[in-house]
Amino acid sequence: MDAAAATQVQQAQLAAILGPDPAPFETLISHLMTSSNEQRSQAESIYNLIKENDPNSLALKLSHLISSSVHVEARAMATILLRKQLTRDDSYIWPKLNESTRSTVKNILLAAIQNEESKTIIRKLCDTISELASSLLPDNQWPEILPFMFQCVTSSSPKLQESAFLMFSQLAQFIGETLIPYITDLHTVFLNVLNNSPNADVKIAALSAVINFIQCLTSSTDRDRFQDLLPAMMRTLTESLNSGQEATAQEALELLIELAGTEPRFLRRQIIDVVGAMLHIAEAESLDEGTRHLAIEFVITLAEARERAPGMMRKLPQFISRLFANLMRMLLDVEDDPAWHSAEAKDEDAGETSNYNVGQECLDRLSIALGGNTIVPVASEQLQAYLSAPEWEKHHAALIALAQIAEGCSKVMTKNLEQVVNMVLNSFQHPHPRVRWAAINAIGQLSTDLGPDLQIQYHQRVLPALAAAMDDFQNPRVQAHAASAVLNFSENCTPEILTPYLDGVVHKLLFLLQNSKQMVQEGALTALASVADSSQEHFQKYYDAVMPYLKAILVNATDKSNRMLRAKAMECISLVGMAVGKEKFKDDAKQVMEVLMSLQGSQMETDDPITSYMLQAWARLCKCLGQDFLPYMSVVMPPLLQSAQLKPDVTITSADSDSEIDESDDEGMETITLGDKRIGIKTSVLEEKATACNMLCCYADELKEGFYPWVDQVAPTMVPLLKFYFHEEVRKAAVSAMPELLRSAKLAVEKGIAQGRNEAYVKQLSDYIIPALVEALHKEPDTEICANMLDALNECVQISGPLLDESQVRSIVEEIKQVITASSSRKTERAERAKAEDFDAEEGELLKEENEQEEEVFDQVGEILGTLIKTFKGSFLPFFDELSSYLMPMWGKDKTPEERRIAICIFDDVAEQCHEAALKYYDTYLPFLLEACNDDNSDVRQAAVYGLGVCAEFGGSVFKPLVGGMMLNMSTS
């Protein structure tokens, strides 16, 4: 068929679809839902053609289908499609519709809500109407909609009431401010329905609307008007439980959890009743596990709402004790599954239940949220009883709980180390292997959370206990775990502590390497790697005994079931090599690299753990061998770049869609909800990408100019990753790489090994990297990464200094202003938090830690300004003048000593680098310097005295008149 004929056929098709008979259009819609790819894609292209060329007909056809089709699927699909066309994104067709179409669409939608009987379609209609109303209401382009909704909520039809509340709920989310004028009417309607409606669905919809409306109210006075709804809101939950409607109760709980997270202070006045009711639900054994878990989630969410209601939950010790007891009971829900004893990796969780897992997770979250001063007294009392009980499950629960609360309670537990260590080590002798495993697990966790104090004070008890546990040949899982705990212990250990134990520990680990159980071998390899890493050159005496075993595993463990074993051997070899140094390792290194190269050349499966272990092993071998590693780079780099360039595996669905991403199906998926979108991300891909980016930094750092041949490929890979918001580690690695790449290029040019390229190439690279770094800094949400970015920017300026042009310097200065402003507003926000009713000492500590991070940011600001002043000297002063209004407040007595020190150092740099050009600032700054010589903080005094010295050296005539005053000042200090 020629093109003209095909066009004719298509036009005839379109004419039929858009003709008076509704059947062809309905057929088109059914084809959009078909499983036949060909039919579906054909239908999609026709549908898109209509959307482009005749949006009016499309909107009318979809609307008529919604109101008149007898097929439920067709009505549902038409509602979804119409919503897509009325959503403000690329598909938005409303502006293209004429007035008559607009009016028809609005009328049909409101009529459909009244006539439709299918519950799922009614929900979809509510979504569609809310979507359109949220675009039209702010400009008052749909005056009928709110009166219609108020009419529905006061009607006698539960269906219409529920629909209206669902729409109110969405509008409160989308355009809450347009509803605020109706606050009095809404309050009356909500109160009436929550108190009097006999219909559970209507009440849940009203609850959703109330909660969303409360969240959109910015004034606390407005929010307080809704306080009297809280008892009725809670009754919606308790009534549904009393009548056995747990699905409805779970919906109510999820809504209340949202309120607890976003507006916890709304609950404060009635907190005792609310939390008491939730704990009552959590303790009710007759209820479904899911319901009880949600009640616990509510209380934990309140405890975690630190920014909005600091300290509020710590005021309820009686509830904390009840919650803790509840979580402890959940830890008892563990069975002695025979599979656990088999020591196969896949059975690691055998016998654990969802109750047990939720209990574990919540203990961890609760202790982090409330801190040690609150949790440790409760834990001490309850754990003692569990430890002295005869049942192994109770003993096991106590040890698991101890490990879970260690991170949040580390400061308080470190003060009571003796008691904690005794509690755990006494359990190493328990007759039940699962208890012994839990004791070892606790030691591993405590080594991480309470280190290095634990290692320094108790190495003489802990290491022999772990060594003895490695002899438990009847229970290989316990043996393997003891080896893994050696890893945790040695990570926080100095060589001096570890060295006396090396003979015994290494001997045992070598013995375990020959065990028939793979899990035991893997545990031993990980422990050996860590011990070597921590003992460094002290490991040399064991090298000749250990390396043959490691190489044997690397060469022989070729079976698919041994993949992890081989990966761990690779890790261990590279860490041992780094520990003992190049001289000792170089002969074996060649042989090991041959094996790695042959592995690299082979076809590996995508889920093979060797890939990421190999990326890390190569980088360690490079660190060990230095420039001798260069010949291997051509083998290492292609797959490394491939991993660094991996695209995140992302699935995006609507947050309320039926096709939810099921996390339980794939443990490697992490989901986050952003607005009305749910995003699922495959974590393994992100981790491989992060590892690869970190390794690229290692190579650039280690090889310096030797890395030059790869700069042109690595820079365009890494620069866009400065804004890779899916994964912090990837961003951090990209940030660290920036100065390394510049340095590599600059050194290569200076040493004449840049294939004839000159300084122009360094300038070109600098022009690519520095603006990208400035732009990324502007958008960076994480304070710590902000500080890293400033640090990297400072290094880049040090490397390319004079190559920067004025506009680039301006952009850096503008960004510094932005950084100072953002940091100050974060501190102001925290100061506001400190005024909260329940703010206490524990919150004060946490606040102090958060503010210390801000100091790191200011520190980097000081460093980068110092570099700019040293580089551009007097020509930077116009920028310094612009910045002075941002820097002057940092001299204030209300600022921290660190901020004052940084502000003084910046002026010291100006005086030192700009000589006469800086004299005009003396009048303003010298009085501050003089005053700072008497500061309570020695670092501030030192910076001030140094500054005075500089001014005396370069200030000449301007400085002299001030000397008398200065001496007077100094003599009173």
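E916 sits in the loop between helix 43, residues 897-914, and helix 44, residues 922-932. Please keep in mind throughout that this is a predicted model. Is E916 buried or exposed? With a relative accessible area of 58%, E916 is exposed, because the cut-off for that word is over 50%. To place this residue within the whole, take I93 as a second point: E916 and I93 are 823 residues apart in sequence, and their C-alpha atoms are 65 Å apart in space.

Let me set a second residue beside E916. L279 belongs to helix 15, which covers residues 271-283. Its relative accessibility is 0%, and L279 therefore counts as buried, the limit being under 20%. Which residues does L279 touch, if we leave out those up to four places away in sequence? They are V299, F319, R322 and L323. I would also point out I296, which is 17 residues from L279 in sequence and 7.1 Å from it in space, C-alpha to C-alpha.

I turn now to the nonpolar core. In soluble globular proteins, nonpolar side chains tend to be buried together. In this model the largest nonpolar core has 350 residues. The residues with the most contacts inside that core are M233, F629, Y699, F707 and F876. Let us look at F629 in particular. Not counting residues up to four places away in sequence, F629 touches M593, W618, L621, C622, V636 and Y699. Y699 thus appears twice, once as a contact of F629 and once in the list of residues with the most contacts in the core.

The next topic is the second largest pocket, which has a volume of about 980 Å³. How many residues line the second largest pocket, and which lie nearest its centre? The lining has 31 residues, and E605, T606, D608, T611 and E688 are the ones nearest the centre. Four helices each supply at least two residues of this lining: helix 31 (563-580), helix 33 (610-625), helix 34 (633-644) and helix 35 (683-703). Helix 33 gives the largest share, six residues. As for chemical character, the lining divides into eleven nonpolar, eleven polar and nine charged residues.

Finally, I come to the salt bridges, of which the count is 51. We may begin within helix 37, residues 728-750, where E729 and K732 lie three residues apart, about one turn of the helix. These two residues form a salt bridge, with their closest N and O atoms 3.8 Å apart. E729 has a relative accessible area of 34%, so it is partly exposed.

A second salt bridge joins the side chains of E795 and R743, at 2.7 Å from N to O. This pair links distant parts of the chain, for E795 is in helix 39 (residues 783-800) and R743 is in helix 37, 52 residues apart. E795, at 23% relative accessibility, counts as partly exposed. R743 is likewise partly exposed, with a relative accessible area of 24%.

A third example is the salt bridge between the side chains of R901 and D859, at 3.3 Å from N to O. Here too the pair links distant parts of the chain: R901 lies in helix 43 and D859 in helix 41 (residues 841-872), 42 residues apart. Salt bridges can also share partners, and in this way K119, R123, E162 and D201 are joined into one network.

Terms used
Residues are numbered from 1 along each chain as its sequence is written. This is a predicted model: local features need pLDDT of at least 70, side-chain atom pairs count only at pLDDT 80 or more; totals for chains, interfaces and linings use all residues. Side-chain values use heavy atoms; hydrogens and water are left out. On a 1 Å grid over the protein atoms alone, a cavity is a set of points where a 1.4 Å probe fits but cannot get out, and a pocket is an open set with protein on both sides within 12 Å along at least five of seven lines; lining residues have an atom within 4 Å of a point. Grid points are joined across faces, edges and corners, and a volume is the space filled by probe spheres set on the points. Ala, Val, Leu, Ile, Met, Phe, Trp, Tyr, Cys and Pro count as nonpolar, Asp, Glu, Lys and Arg as charged, and the others, Gly among them, as polar. A nonpolar core is a set of buried Ala, Val, Leu, Ile, Met, Phe, Trp, Tyr and Cys residues joined through side-chain atoms within 4.5 Å. Buried means under 20% relative accessible area, exposed over 50%, partly exposed in between (1.4 Å probe, protein chains only). Contact means heavy atoms within 4.5 Å. A salt bridge is a side-chain nitrogen of Lys or Arg within 4 Å of a carboxyl oxygen of Asp or Glu.
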